[in-house]
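The following paragraphs go through a protein model, starting with its sheets and ending with its backbone details. Please keep the sequence and the structure in view while reading.

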Amino acid sequence: MSHSETQFTNTLLRSKPFDLNDQQCNWVFETLGSLSLEDRVRQLFALAVIGETPGAIKAAITFRPGAVVRAPGPDAQAARNATADLIKAERLPLLVAADLEGGANHPSNLPVVPNALAMAAAGDRALTRSVVANIAKHAANQGFNWSFGPNIDISHAHRSAIVGTRSYGSDQGAIAEHALATVEAFQSAGIAATAKHWPGEGHDERDQHLVTTVNPLEWAAWLDSFGELYSQLIDGGVLAVMSAHIAFPAGAEVLGVNEPIDRYTPASQSYVLNQRLLRERLGFGGVIISDALAMAGYGQCLSQERSAVNCLTAGCDMLLFSLDPESDVRRIMAAIAAGSLPESRIVDAVLRILALKAKLNLHIKPQAARLPQADIVDTASTVELNSRVAHASVTLVKNLDSQLPLSLTTDRRILILEQPPKQLFPGAPAPSIEPLVTRLQEIGFEVRRKGTGDPFEPLEGECLLYVLTQESQLTVGQARIHWDALHGGFIESMARPWIGRKVVMVSFGHPYYLYDATAIPCYVNAYTSTSQTQIATADLLAGNSKFLGRSPIDPFSGCPEANWLKPR
């Protein structure tokens, strides 16, 4: 590097968010100097290691990436062994990442905890920090050192199944408050936090896993919302930002993109959005990682041959989930040799990646201390924190004609109609509502559950309890009520036998179901399906405690009639 380049790099390493000391800076420079060009290129990759198949583990070890993203299988010991094998084989300290979001989008080998929307409904920043600190403690115990979160998207499009429960809601102030608490909790525990999804999701009801989505805000509105949110997290020291497959046409136009079609380039392919807006205007100096290159929102208009090179040229430092990493290494090396991808772009990216590792002190932390440990689950703390969130978050949205509380005298018999969620991975267990059913029975209610093939025939005097458990999830598309599944058929889907009986709908997930059930007389948002939330909800239905949660979104989805429509 030239003298001016060295000065710039020194400034970069010693500035926010890295703030490295002399020892850390020396390690970064020495390590960079020891790496061949190909080794540097391999550091740019964050490979997916889903499950514990020997072939996937061996492929990741052979590749020598800068990071792996783990989605462990159900066998806790096998998950520990696989992560340990990856760390033991490292040549440089390995970043081990996951979506540490709570709720449904959370590693299966960590304790079940509430999602972001439940924490927002609880409305307690200190409680959010405690919950995330508990996540961080257990995640570090299993070898994780990088969280793809917090999610600072703004929940606006009520049909969207990708933002809802993964976000902190619709209120910008609350989002900032809880997201900053999340960053503090993770990074004080030695786990890097990642703000996502740049340049801001939530106004497009579509899912970028399935199609490139669009942030439709005008420039001034974006600056006041997402621009302010990202600025606050950058000021708060967040170490990484995930550049997503989201276009921001108004921003691209203001920043000089003349062709209308080019303004719809997703951020993950946009130099203007990553470099000129995120780096230069907002001042972010940390690692920019792309969202998954395997997603349709990235690849629907781009050939695999151009995928990795375009992403790096656009300003991303790390490539998430390459479909063909070895081929992408060859393509990147060829682009450098041809001069179409400056080697300085690789150096800049690797410097930031090494700085992230140094910031986490992975270079001095003994490898044995970074390996997954035998299950040390702080059950008491997890249960206590989950219970606090449950009691503070469950929200009574609508209760016409005093549907609640249910009385053991007049409402003893309950028919439960359940809509299970779509699962991300085939064979994954669906959330069980057994804690809810068991607690209702303990209170004294007679509970009948409609099976999949059972006829929809509510008995006289039987209360109807609709239970939905779909949290926001990848590739679901939209979260809607499927009346045919709930009631058991085409004709039955149109039936609403609600007059003359108590009818309650509870969502342990997506918070916008009133849009599909505007005349339901009683609606409760519980946000997440932890056992503690289900038990607390049963007690609330029975009147044994008071509803304390406040809606972090508009549960009426802008439909005024949903406030007062009822069977009559």
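This is a predicted model, in which local features need pLDDT of at least 70 and side-chain atom pairs count only at pLDDT 80 or more, while totals for chains, interfaces and linings use all residues. Residues are numbered from 1 along each chain as its sequence is written, and side-chain values use heavy atoms, with hydrogens and water left out.

We begin with the sheets. Helices (H or I, at least four residues) and strands (E, at least two) are DSSP runs, numbered from the N terminus. Two strands pair if DSSP finds at least two bridges between them. In general, strands of a sheet pair through backbone hydrogen bonds, in either a parallel or an antiparallel sense.

One open sheet has five strands in the order β4-β3-β2-β1-β10, and its pairing is parallel. Its edges are β4 (146-147) and β10 (319-320), each of which pairs on one side only. Within this sheet, strand β1 (residues 45-50) runs parallel to β2 and is joined to it by five bridges. One place to look is valine 49, whose bridge partner in β2 is arginine 70. Helix α5 (residues 76-88) lies across β1, β2 and β3 (95-98) and runs at about 175° to β2. Contact here means heavy atoms within 4.5 Å. Axes are lines fitted to C-alpha atoms, for helices over the stretch in contact, and angles run from 0 to 180 degrees between N-to-C directions.

A second open sheet has six strands, ordered β11-β16-β15-β14-β12-β13, with mixed pairing. Here the edge strands are β11 (395-399) and β13 (446-449), each pairing on one side only. From one strand to the next, the twist averages 20°. The edge strand β11 pairs with β16 (residues 522-525) in the antiparallel sense, over four bridges. Asparagine 399 has cysteine 522 of β16 as its bridge partner.

The next topic is charge pairing. Side chains of opposite charge can pair when their charged atoms come close. A salt bridge is counted when a side-chain nitrogen of Lys or Arg is within 4 Å of a carboxyl oxygen of Asp or Glu, and by this rule the count comes to 29 salt bridges.

One of these joins the side chains of arginine 64 and aspartate 39, at 2.9 Å from N to O. The pair links distant parts of the chain, 25 residues apart: arginine 64 is in the loop between α4 (54-63) and β2 (67-71), and aspartate 39 is in helix α3 (residues 37-42). Are these two residues buried or exposed? Relative accessible area under 20% means buried, over 50% exposed, and in between partly exposed (1.4 Å probe, protein chains only). Arginine 64, at 24%, is therefore partly exposed, and aspartate 39, at 21%, is also partly exposed.

Glutamate 184 and arginine 125 form another salt bridge, with 2.8 Å between the closest N and O atoms. Because glutamate 184 lies in helix α8 (residues 172-188) and arginine 125 in helix α7 (residues 125-141), this pair ties together parts that are 59 residues apart in sequence. Glutamate 184 is partly exposed at 32% relative accessibility, as is arginine 125 at 28%.

In the six-stranded sheet, glutamate 418 forms a salt bridge with arginine 449, the closest N and O atoms being 3.2 Å apart. Glutamate 418 lies in strand β12 (residues 413-419) and arginine 449 in strand β13, so the pair ties together parts 31 residues apart in sequence. Relative accessibility is 23% for glutamate 418, which counts as partly exposed, and 35% for arginine 449, also partly exposed. Elsewhere, Arg279, Asp317, Arg345, Asp348 and Arg352 are linked in a network of salt bridges.

Some backbone details remain. Two cis peptide bonds can be located: one from lysine 16 to proline 17, with omega near 5°, and one from tryptophan 198 to proline 199, with omega near 5°. Proline 17 lies in the loop between α1 (3-14) and α2 (22-34), and proline 199 in the loop between β5 (194-198) and β6 (213-214).

Arginine 64, already met as the salt-bridge partner of aspartate 39, has a positive phi of about 65° although it is not a glycine. Serine 402 also has a positive phi, near 50°, and its place is in the loop between β11 and β12.
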